[in-house]
Every structure is written in structure tokens, then in C-alpha cells.
Amino acid sequence: MSAPQVIIIGAGIAGASTAWALRQAGVSDILILEQGAQAGMHSTSRNAAILRTAIEQPALQRMALESAEFYRSASASFAEQPIIDAVGLFVTADKHSNSQNWMPSAANSCVAEIRAHYPNFVDADIDVWHFADEGTLDIHGLLQAFLKEQTVRTNCKVDEIIYSNDSACGVRCGDEIINAQQVVVANGGWANHLCSNTGLNQPFSPRRRHLMVSSPLGQISHDLPVVWCTGDNEFYFRPESGGLLISACDHELVDPRYGENIDPNIIEYIASKTDHWLPGLSNIQPKHLWSGLRTFSPDHAFIIGPDPHKDNLFWATGLAGHGMTTAYAVGQMLSAWMCDKKCTHPSANDLLPQRLVDVPRLAGI
Ligand SMILES: Cc1cc2nc3c(=O)[nH]c(=O)nc-3n(C[C@H](O)[C@H](O)[C@H](O)COP(=O)(O)OP(=O)(O)OC[C@H]3O[C@@H](n4cnc5c(N)ncnc54)[C@H](O)[C@@H]3O)c2cc1C
């Protein structure tokens, strides 16, 4: 096999959006290496598919708004079906919580509006914001659109990145060495495994979160809005398959090998939070239950850009709970770093790997 110009490690949404943006910028000689049997089988297929631009960190919020705009206006040549289903999103916060600092200045909705859609929703004294043009994302449509015409080699685990004179020049997969001019690490919850010899000292925390879809409930139409309750008792839900998709927003630090194993106590935990937010529905029966990884940097902002110590090595990692919403901007930023050696995006400097150089190893996993 002749050496590709760029190797991307990981065929999740981060790797896919980077590949797409590079191709748009004129780089077509790209090889995506994926350890699994298919692209996008991990966090990218196991999330809640919610588009939510109200994000606490301004750098990420900008990326979410920019990506949402792209998804909204994407042409049929990008994706056959619309990427966004704008069913609407309600975000709630406790009165006088710090959410007031980063949400739009005044709450523009009220609990009664949520209860008009979901009569079981708790009648609490909380602030409510309504985002009419947000809702859910077609995550498979988005992944397929980014991966169109890309070369993905599956069942190919990268064991290490190869360097020559402090510059990345390829990867080793088992006994095979694949050379490239640039290497991108986009391997989600496994990013700590590829930190050896780089400028990063295993700063990633892979955290497991469960999602449950209930058995069908009467009067849950597919076009009801998403509801996200922020604060100490964080919880969200939306319609799915005639029932509700629910997350109790658990976030246990785990070894990535166990990120998709079910915690035996999770149903009880989901029931207790459902009882708080949707009293009367805590006995709803699970139809599907799964979990996946959300991977965090120490400051919970993404890690996007050139490695601080190694030339030709780039990171698109730590996308936490916002990777689907922000994917377009992630790819644009990394492509700019790789093609132009600079990125003028207003969020670029906040997300540089350089900020983590002196951060000690975090989780030990
Ligand atoms: C329960 C849950 C709910 C979520 N809800 C939302 C939501 O509503 N909205 C939103 O925007 N985001 C949400 N997210 C977050 C979103 O899913 C992630 O931010 C995003 O999928 C991360 O994408 P990724 O490409 O970094 O990781 P992944 O999708 O995990 O991709 C990484 C890929 O790298 C591969 N890989 C790993 N190591 C190697 C190696 N050594 N060699 C080759 N390949 C390798 C893996 O097999 C994997 O396919 C949620 C996440 C979870 C878990």
C-alpha cells in the first residue's frame, strides 16, 4: 500500500468530520483507521442525538452555533435527509443557579409550556428556556455524509504512533507500519492509550453514561420537544419509538473497555430521577438500555490542534457530551491547523493541546 498523506486514528464523528473538512480543503489522500468492525460504533452511535447549543463554555457554544447553522443549511449534496429535526428544546435551571451566567439573559419560557407537552412534568419553581429551532440530529446521516468517499480501514487497531526526529511519520498496527505525512488522533475514550511520547500526559477522563428507552407510552408523539433539566439533579428526556429516551446523566469514570457495560444499579438510579422530574412515571419499563463514553479533558473543553511536542501530530479529542452538536466546527478547526498551520477560529486558542502540557496524569486509566 502506498503511504497516504494523512492517517486519522478513529472513525467516530471526530475523525469523520476532520476527514470531510480536509477533503473540502483539497486533501483527498486520507486513510481512516478504525479498530472496530464498522465506523462510528462507539460514542458516535450510542448518544442521545440532541442538538443543544446552550453550553457553559463560550468556546464550545460558538462551535455548537456554527455547526447548527451548517447542519440547518446543508445542501442535498451533503446529506439526502435534513440533519436536524427541529422539534424544539427546553432547558431548565434552578432559580439563581450559575446557569444564569451562561444562558441567554432572560428565561423565555415556563414550566407550564413543558407541561403542555408532558403533563407529568414536575410543577416546580424553576427557570425555563425554549430553543425552538433545536431538537434532534440524524446522527447516522451526519456520519455517512462526513464519510462519503473516504477510505476507512476497519478492524485495524493502531498500537502506536511512529516518530522520526520528533515528527509523527506513521503508525504501527500489529506488525504493519503505515507511513504518512500527518497523523490525527481522534480515538475518543481511548485517547490516553496514544499519549506516549507526545506532549500530553494521559489527561483524558472517559466517563460512562447510560440511556434508556422506555416501552411505548400513550400520547408520546415523535415530534414532542426535548427537555433538558440542568443543575445538581441533571436529567433529560425526549420521545423515542413511542416511549421516552431518558438519561439520568450518570458520569462514572471508567476504563474505556467497560464503557459499554451496563451498571446493574442504573435502572434504580434512572427511576429515582424520573420520579423527581416526571412524577408518576418512575415505574416505566425499559425497552432498551445502553451506555457509552463521554471523554473529558481536565477543563472539560475539547482538545483540538497540533501536539505541543511532536510535529505533524494533531488531536481531535475530548469532545465530552457535545461531539455530535459541534462536529462540523471540530473538523473545520483541525483542518485549518493541518493545512494552513494556523486557525483563526475564535475558539481555536482555547482548545489547543498546549494548555495541558503541565497537567499531571489524571485518572490512571
Ligand atoms: C450516553 C451519551 C449521550 C450523548 N448525547 C449527546 C448528545 O445528545 N449530543 C451531542 O452532541 N453529543 C452527545 N454525546 C457525546 C458524543 O456522542 C461524543 O462527543 C462523540 O460521539 C465523540 O466522538 P469521537 O469520534 O470522539 O468518539 P467515538 O465515536 O468513540 O470514536 C472514536 C473511535 O476511535 C476508535 N479507536 C479507538 N482507539 C483506536 C485505535 N487505537 N485504533 C483505531 N481506532 C481506534 C474507536 O473504536 C471509535 O470508533 C453523548 C455521549 C454519550 C455516551
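Is Cys229 buried or exposed, and what is its relative accessible area? In this predicted model, Cys229 is buried, with a relative accessible area of 0%. The sulfur of Cys229 has its closest cysteine sulfur in Cys249, at 8.6 Å, which is too far for a bond. A disulfide is a covalent bond between the sulfur atoms of two cysteines. The cut-off applied here is a pair of cysteine sulfur atoms within 2.5 Å, and a search of the whole structure finds zero disulfides. Cys110 is accordingly in no disulfide, and the nearest cysteine sulfur to it, that of Cys229, is 14 Å away. Cys110 counts as partly exposed, at 34% relative accessibility.

The strands come next. Strand β16 covers residues 243–247, and five of its five residues are buried, so the strand is mostly covered by the cut-off of under 20% relative accessible area. β16 has pairing partners in β13 and β15. With β13 (residues 205–214), β16 pairs in the antiparallel sense over two bridges; there Val213 stands opposite Leu245. With β15 (residues 235–240), β16 also runs antiparallel, and five bridges join the two. Here Leu245 is the bridge partner of Arg238. Leu245 therefore appears in both pairings, opposite Val213 and as partner of Arg238. β15 and β16 form a hairpin with two residues between them, and Ser241 in the turn has a positive phi of about 50 degrees.

β15 also leads to the second largest pocket, since the largest share of that pocket's lining, three residues, comes from this strand. The pocket has a volume of about 320 Å³. Besides β15, the elements that give two or more residues to its lining are β4 (84–85), β7 (135–137) and α5 (139–147). The lining holds 22 residues, and those nearest the centre of the pocket are Thr136, Leu137, Arg238, Pro239 and Glu240. Arg238 is thus named both here and as the bridge partner of Leu245. By character, the lining residues divide into eleven nonpolar, seven polar and four charged.

Helix α1 lies towards the start of the numbering, at residues 13–24. Its twelve residues reach 16 Å from the first C-alpha to the last, close to the 16 Å expected at 1.5 Å a residue. How many residues of α1 are buried? Ten of the twelve are, and the helix is mostly covered. The buried residues run from Ile13, Ala14, Gly15, Ala16 and Ser17 through Thr18, Ala19, Trp20, Ala21 and Leu22. Just after α1, Gly26 takes a positive phi of about 100 degrees.

Notes: Residues are numbered from 1 along each chain as its sequence is written. This is a predicted model: local features need pLDDT of at least 70, side-chain atom pairs count only at pLDDT 80 or more; totals for chains, interfaces and linings use all residues. Side-chain values use heavy atoms; hydrogens and water are left out. Buried means under 20% relative accessible area, exposed over 50%, partly exposed in between (1.4 Å probe, protein chains only). Helices (H or I, at least four residues) and strands (E, at least two) are DSSP runs, numbered from the N terminus. The expected span of a helix is 1.5 Å times one less than its number of residues. On a 1 Å grid over the protein atoms alone, a cavity is a set of points where a 1.4 Å probe fits but cannot get out, and a pocket is an open set with protein on both sides within 12 Å along at least five of seven lines; lining residues have an atom within 4 Å of a point. Grid points are joined across faces, edges and corners, and a volume is the space filled by probe spheres set on the points. Ala, Val, Leu, Ile, Met, Phe, Trp, Tyr, Cys and Pro count as nonpolar, Asp, Glu, Lys and Arg as charged, and the others, Gly among them, as polar.
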